[in-house]
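Subject: Structure for your review

Dear colleague,

Please find the structure below, followed by an account of what was found in it. I would be grateful if you would read the two side by side.

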Amino acid sequence: MSDRMTTRIGSLELPNPVLTASGCGGTGRELAPFCDLTRLGAFVTTSVMTQPRAGRPTPRAAEAPSGLLTAMGLPGPGVEGFLERDLPWLHEQEIRTVVSVAGNSVEEFAELARRLRGVSGVAAIEVNTACPNVADRGRMFAWHPGAAAAAVRAVRAHAKPGVPVLAKLAPDVTDIVTVALACADAGADGLTLINTVDGMAIDTGTLRPALTGVSGGLSGPAVRPIAVRCVYQVHAALPDVPIVGVGGVASGLDALEFVLAGASAVAVGTALFHEPGAATRVLRELEDALAARKMRLADAVGLAHKPAGYVPPQVRPEPPAAEAAPAAVAAGDSSKETTP
Amino acid sequence: MSDTPVQTSATVLTVRQVQDYHAITLVAPAIAERFRPGQFVAVAIGDAHSGRLVRRCFGVYEVKSDYGGTVELVFADTEPGTAWLAGRRARDQIDVLGPLGRPFRLPRDPVNCLLVGGGPGGAALFALADILHRRGCQVHFVLGGPTSRQVFGSRMAQRIGDSATVTTRDGTMGERAGVREVLPRVIQETGADVVYGCGPTSLLSAVTQVAGEYGLPSQVSVEEFLQQTGACGIGVCMTCVLPVHGEDGVTRMVRACHDGPVLRGDRVRWGDLGTIPFDALGAPRVLSASEGGSK
């Protein structure tokens with residue numbers, strides 16, 4: 001793959017911008033028969049907590065139009081099991097791994113960051129702020145700029161210096177930009193936008209909520225416009241903070257939409273439930289889409305914010321061999337027609 | 001690895017109504033050649049632009065070598081996804097993932113096997129019967145349902161089984177009884193050494209219990225539970241979990257699609273399906289003052 005697809009989240013350089021979304025790729029082993037995870041930008045793990053968790057009783061999922069409503073209750077093996085079985089496997093396979101962490105208290109986030117400190121194979125840490133904060137009567141960290149920032153600060157303070165910290169934010173807030181600013185101030189190297197959208201379905205047969213958790217998180221193409229809006233707004237306010245766009249990415253053009261809105265990377269989530277090889281396909285399609293537009297990924301990030309008539313730097317079709325050309329092309333073709 | 005599942009575009013060969021159910025035959029050589037009895041397939045509903053993201057999981061009735069390899073599924077039309085599938089026509093293409101999950105374990109020696117089925121799930125027992133016969137096992141069937149139209153494969157069972165007992169609640173076919181009531185008698189008459197089950201959860205629970213009373217091992221497929229709760233079929237979505245206790249005595253929430261659909265009946269906590277038992281690993285606990293304080 002050419003350097004036209006490389007991207008960067010803080011100090012972490014990725015060969016391409018396509019990731020898996022947390023909670024959608026299992027341990028990685030389940031997807032391995034269907035796609036080569038080493039080819040992806042990174043694999044993002046299911047959120048890890050300090051203790052093993054059984055999660056919620058079934059039914060945990062309900063189908064929604066173009067989406068899926070889920071309330072899992074963050075099931076997982078706990079950090080010990082994760083470090084014993086899951087992370088070593090990912091490391092052995094040389095899969096770049098972003099470890100998602102979830103806590104019910106600021107202290108739990110700090111503890112998780114400490115546990116990941118001396119461990120090899122952690123490319124970055126993603127702070128899942130969509131967790132109930134026990135100290136705040138179970139309200140989500142994500143709902144309050146101060147609480148989300150506190151979780152990020154705790155992870156940043158205890159994580160290995162140099163390992164980027166991403167804050168994953170929920171869209172169900174009055175102003176996501178305020179939360180994003182607070183997290184960036186607290187030391188987040190990047191932001192993952194968005195987590196699922198709170199929703200609910202009622203089973204008209206049983207006359208009761210369809211999910212044991214009553215409400216659940218909506219994901220899939222149904223939420224994509226919400227996610228694109230969040231990415232656009234946050235990128236406008238914080239153009240220098242890398243964003244991982246998540247929410248209903250199912251094709252290369254979906255991914256490109258997020259990139260144009262301001263995402264430096266995208267994550268494929270619910271699509272993996274339907275098509276285990278979706279992430280590598282999205283990568284291939286995004287690469288083709290950028291090539292067709294004669295663009296490098298880096299030049300496409302946030303392009304939708306530019307005034308109409310702006311022409312991004314063009315690149316030649318895939319060079320036949322390694323030449324000194326690319327740099328010259330980039331410099332020579334600086335026809336920046338910024339219209340007034 | 002030939003047991004690696006594949007995602008393939010399968011051509012519909014036939015769709016037909018069988019009693020109250022639908023049978024669909026798909027040309028899917030890659031799945032047919034990998035299939036082992038007890039495994040299932042996950043079918044994508046709708047085309048690429050469909051709003052339906054959840055795959056539907058079905059046990060496999062039989063695989064044949066015709067047309068390079070066909071896979072036949074039997075299912076009840078219970079919701080919009082199965083209605084869509086029932087509405088397919090010959091030559092339609094559908095996206096199928098499989099074969100998935102753990103198959104039935106087979107006995108090493110030629111023993112007496114009792115195969116107990118109910119509803120469309122009973123269809124999954126016929127591929128098993130075939131392989132057991134080839135291993136020199138005796139195969140006895142017990143099939144049951146509320147009414148004759150909901151007993152799948154009774155004629156086939158009578159033809160290929162060393163014995164076949166059919167029960168219906170309303171007496172429209174076979175004995176007027178529930179499967180559970182005839183099981184002790186059939187176990188004694190057939191001298192069964194092992195019991196296999198596939199069908200509704202209540203049936204599997206009964207099969208496990210009666211087999212246990214006679215000291216027999218039971219292998220059951222929780223395919224129906226998987227159909228109701230599963231979304232991906234490959235173990236990433238975590239929606240099809242049920243409580244199973246392991247050799248170490250610890251109850252874990254395991255994925256029906258990944259650790260099953262065939263499970264040892266005596267390991268499943270049937271009464272606790274749809275719950276997280278309080279003693280399961282990682283179950284929510286009421287934080288006592290001492291525990292809360294230790295944090």
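To begin within chain A, Thr192(A) of β12(A) has Val244(A) as its bridge partner in β17(A). β12(A) and strand β17 (residues 243–246) of chain A run parallel and are joined by 3 bridges. Two strands are taken to pair if DSSP finds at least two bridges between them; helices (H or I, at least four residues) and strands (E, at least two) are DSSP runs, numbered from the N terminus.

Please note that this is a predicted model, in which local features need pLDDT of at least 70, side-chain atom pairs count only at pLDDT 80 or more, and totals for chains, interfaces and linings use all residues. Residues are numbered from 1 along each chain as its sequence is written, while chains are lettered from A and ligands numbered from 1 in the order in which they are written.

**Chain A: the surroundings of β12**

β12(A) also pairs with β11(A), in the parallel sense and over 4 bridges. Within this pairing, Leu166(A) has Gly190(A) in β12(A) as its bridge partner. From β11(A) the chain passes through α4(A) to β12(A), a β-α-β crossover that is right-handed (with the strands pointing away from the viewer, the path from the first strand over the helix to the second runs clockwise).

β12(A) is covered on both faces, with Gly190(A) and Thr192(A) buried on one side and Leu191(A) and Leu193(A) buried on the other. A residue is called buried if 20 or more other C-beta atoms lie within 10 Å of its own, exposed if 12 or fewer, and partly exposed in between, with C-beta atoms placed from the backbone.

The connecting helix α4 (residues 176–185) of chain A has buried residues as well, including Ile176(A), Val179(A) and Cys183(A). The buried residues of α4(A) pack against α3 (145–158), β11 (165–169), β12 (190–193) and α5 (224–237) of chain A; contact here requires C-beta atoms, placed from the backbone, to lie within 7 Å. After α4(A) comes Gly187(A), with a positive phi near 110 degrees.

Elsewhere in chain A, Arg316(A) lies in the loop between α9 (297–300) and α10 (325–332). Arg316(A) counts as exposed because 12 other C-beta atoms lie within 10 Å.

**Chain B: two domains**

Chain B is divided into domain 1 (6–100) and domain 2 (112–225), with bounds that come from an automatic or database domain assignment. The C-alpha centres of the two domains of chain B lie 24 Å apart. Their contact takes 15 residues from domain 1 and 15 residues from domain 2. On the side of domain 1 that touches domain 2, β4 (56–64) and β5 of chain B each supply at least two residues, and the largest share, 5 residues, comes from β4(B).

Chain B has a barrel, which 6 strands close in the order β1-β2-β5-β4-β3-β6 with antiparallel pairing. In this barrel, strand β2 (residues 21–27) of chain B is joined to strand β5 (residues 70–75) of chain B by 6 bridges. Ala23(B) has Val74(B) in β5(B) as its bridge partner.

Chain B also has an open sheet of 7 strands with mixed pairing, in the order β10-β9-β8-β7-β11-β12-β15. Its edge strands, each pairing on one side only, are β10 (175–176) and β15 (262–264) of chain B. Strand β8 (residues 138–145) and strand β9 (residues 163–168) of chain B run parallel and are joined by 6 bridges, and Gly145(B) stands opposite Thr168(B) in β9(B).

Helix α3 (residues 124–134) of chain B lies across β7 (112–118), β8, β11 (194–198) and β12 (218–221) of chain B, at about 170 degrees to β7(B). Axes are lines fitted to C-alpha atoms, for helices over the stretch in contact, and angles run from 0 to 180 degrees between N-to-C directions. Helix α6 (residues 201–213) of chain B lies across β7, β11 and β12 of chain B, at about 175 degrees to β12(B).

**Where the chains meet**

The contact takes 34 residues from chain A and 29 residues from chain B. Among the elements of chain A that each supply at least two residues to this side are β5 (61–64), β6 (67–70) and α7 (271–274).

Yours faithfully

Notes: Two residues are in contact if their C-beta atoms, placed from the backbone, lie within 7 Å.
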